[in-house]
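Reader: Got a minute to go through this one with me? Let's pull it up.

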Amino acid sequence: MANEIENSKQARLIDDNLKRVYQDMISEDIPDRFLNLLDQLKAQDSGAASEEKAEQGDQK
């Protein structure tokens, strides 16, 4: 029984620490290099979408 209580305390401690680490991580800013990469991908997507629309217009 004492072992179960100790395991329960350890589980709560682990849970609390994991929650704290997760909260710290989600509150951090996204690095500039990832933001730049996202911008590049969006530009490629919009360029590809424009090309598709042009191709579809040519087929009509």
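Reader: Asp 24 first: buried or exposed, or in between?
Author: Asp 24 is partly exposed, with a relative accessible area of 46%. Buried means under 20%, exposed over 50%, partly exposed in between (1.4 Å probe, protein chains only). This is a predicted model, where local features need pLDDT of at least 70, side-chain atom pairs count only at pLDDT 80 or more, and totals for chains, interfaces and linings use all residues. Residues are numbered from 1 along each chain as its sequence is written, and side-chain values use heavy atoms, with hydrogens and water left out.

Reader: Where is Asp 24 found?
Author: In helix H1, residues 2-27. Helices (H or I, at least four residues) and strands (E, at least two) are DSSP runs, numbered from the N terminus.

Reader: How many helices and strands in the chain?
Author: Two helices and zero strands.

Reader: Back to Asp 24. Which residues gather with it in a patch?
Author: Glu 28, Asp 29 and Asp 32 join Asp 24 in a surface patch of negative charge. Patch residues have over 30% relative accessible area and no salt bridge; like charges are joined within 9 Å, nonpolar side chains (Val, Leu, Ile, Met, Phe, Trp, Tyr) within 5 Å. Asp and Glu count as negative, Lys and Arg as positive; His and the chain ends are not counted. The charge is placed at CG of Asp, CD of Glu, NZ of Lys or CZ of Arg.

Reader: And which residues form the nonpolar patch?
Author: Ile 30, Phe 34, Leu 35, Leu 37, Leu 38 and Leu 41, with about 520 Å² of accessible area together. Areas come from the Shrake-Rupley method with a 1.4 Å probe; for residues, only the protein chains shown count as cover. Leu 38 sits in helix H2, residues 32-59.

Reader: Salt bridges: what's the count?
Author: One, taking a side-chain nitrogen of Lys or Arg within 4 Å of a carboxyl oxygen of Asp or Glu. Asp 15 pairs with Lys 19 at 3.2 Å, N to O. They are four residues apart in helix H1, so about one helical turn separates them.
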